[in-house]
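User: Please take a close look at how the strands are paired here, and then follow the packing around them in one connected account. I am a first-year student, so I would like each step spelled out.

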Amino acid sequence: MYGFRDSLRQRSREGMAIWGTCAGMIVVADRLTDRRPEPLRLMDIEVSRNAFGRQVDSFEADIEFEEIEGAPFHCVFIRAPVVNSVGESVKVLAALDDGRPIAVRQGGMLATSFHPELTDDSRIHELFARMVEQQG
C-alpha cells in the first residue's frame with residue numbers, strides 16, 4: 001500500500017544493510033514453507049513460520065554466536081521462525097543444538113529468529129552497526 005516492498009528491494013540492491021528479526025526474518029527470506037506472507041526474496045534462505053509452535057511454546061536459550069565475542073547470547077524466541085536451508089552465500093552465525101539455524105548473514109543482511117532487543121545484551125546490535133558501517 002505504501003510502496004515499501006519495492007523501496008526495500010531497491011535499497012537492498014543499492015547495498016543498504018538490512019536486519020530482519022523474527023517476523024522480519026520471514027519477510028527478507030527468499031522462500032517460505034507457508035503460503036503467506038509473500039516474502040521480499042532478499043536473502044537466500046528458506047524459512048518456516050512459527051517453527052516451535054504456539055505462543056505458549058515460546059522459550060529462551062543461551063546460544064553460541066559467531067562474529068560476537070564473549071559468553072553465549074541469551075536468545076528469546078516468541079512464536080519464532082527457523083531457517084530450513086541456506087544458499088551458498090549465506091553464513092550461519094548461530095544454530096540450535098539440533099543444528100537448525102537461528103541467525104544468518106548474507107553480505108549486508110542479517111536475520112535472527114529471536115528477539116535480541118528483549119535482553120540487556122547489545123552485542124548483536126553492535127554487530128549490525130558494524131555491518132552498516134561496512135556498507136557505508
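Analyst: In this predicted model, strand 2 and strand 3, the latter covering residues 43-48, pair in the parallel sense, and 3 bridges join them. One of the residue partnerships to look for is that of Leu32, whose bridge partner in strand 3 is Val47. The two strands belong to an open sheet of 3 strands, arranged in the order 2-3-6 and with mixed pairing. Strand 2 (29-32) and strand 6 (82-86) are the edge strands, each with a single partner, so one side of each has no neighbour in the sheet. From one strand to the next, the twist of this sheet averages 40 degrees. As a general point, strands of a sheet pair through backbone hydrogen bonds, and the pairing can be parallel or antiparallel.

A further open sheet is formed by 4 strands in the order 1-9-8-7, again with mixed pairing. Its edges are strand 1 (18-21) and strand 7, and since each of these has a single partner strand, one side of each is left without a neighbour in the sheet. Neighbouring strands here are turned by 15 degrees against each other on average, when direction is ignored.

Within this sheet, strand 8 and strand 9 pair in the antiparallel sense over 4 bridges, and Arg105 stands opposite Leu110 of strand 9. Strand 7 and strand 8 are also antiparallel, with 4 bridges between them, and there the bridge partner of Ala95 in strand 8 is Pro101. Strand 7 and strand 8 make a hairpin with 5 residues between the strands, and in that hairpin Gly99 takes a positive phi near 95 degrees. Helix 3 lies across strand 1, strand 7, strand 8 and strand 9, and it runs at about 160 degrees to strand 9.

From the strands we can move to the side chains that are packed among them. In general, nonpolar side chains of soluble globular proteins tend to be buried together. In this model the largest nonpolar core has 21 residues, and those with the most contacts inside it are Phe65, Phe77, Ile102 and Phe114. At least two residues of this core come from each of strand 4 (59-63), strand 5, strand 7 (91-95), strand 8 (101-106) and helix 3. Helix 3 gives the most, with 4 residues.

Phe77 is a useful residue to select on the screen: if its neighbours within four places in sequence are left aside, Phe77 is in contact with Phe52, Ser58, Phe59, Ala61, Leu96, Ile102, Ser113 and Phe114. Apart from the core just described lies another one, of 16 residues, which includes Ile18, Val28, Val47 and Met109. Val47 is also the residue that serves as bridge partner to Leu32.

The aromatic rings deserve a separate look. A search of the whole structure finds 9 aromatic pairs. Phe73 and Phe114 make up a tilted pair, with their ring centres 6.0 Å apart and 45 degrees between the planes. Phe73 lies in strand 5 (residues 73-77), whereas Phe114 is in the loop between strand 9 (109-112) and helix 3 (123-135), so the pair ties together parts that are 41 residues apart in sequence. Phe73 and Phe114 are both buried, and together with Phe52, Phe59, Phe65 and Phe77 they form one aromatic cluster.

The cysteines can be checked next, and the count of disulfides comes to 0. The sulfur of Cys22 has its closest cysteine sulfur in Cys75, at 12 Å, which is too far for a bond, because a disulfide requires the sulfur atoms to be within 2.5 Å. Cys75 is accordingly in no disulfide. Cys22 counts as buried because its relative accessibility is 9%, and Cys75, at 0%, counts as buried too.

As a last point of reference, consider Arg11, which is placed in helix 1 (residues 4-13). Its relative accessibility is 43%, so Arg11 counts as partly exposed. Arg11 and Phe65 are 54 residues apart in sequence, and 27 Å separates them in space from C-alpha to C-alpha.

Methods
Residues numbered from 1 in each chain as written. Predicted model: local features only at pLDDT ≥ 70, side-chain atom pairs only at ≥ 80, totals over all residues. Heavy atoms only, no water. Pairing = 2+ DSSP bridges. Axes fitted to C-alpha atoms, helices over the stretch in contact; angles between N-to-C directions. Phe/Tyr/Trp six-rings, centres within 6.5 Å; stacked < 30°, edge-to-face > 60°. Buried < 20%, exposed > 50% of the residue type's maximum accessible area, 1.4 Å probe, protein only. Core = buried A, V, L, I, M, F, W, Y, C linked by side-chain atoms within 4.5 Å. Contact = heavy atoms within 4.5 Å.
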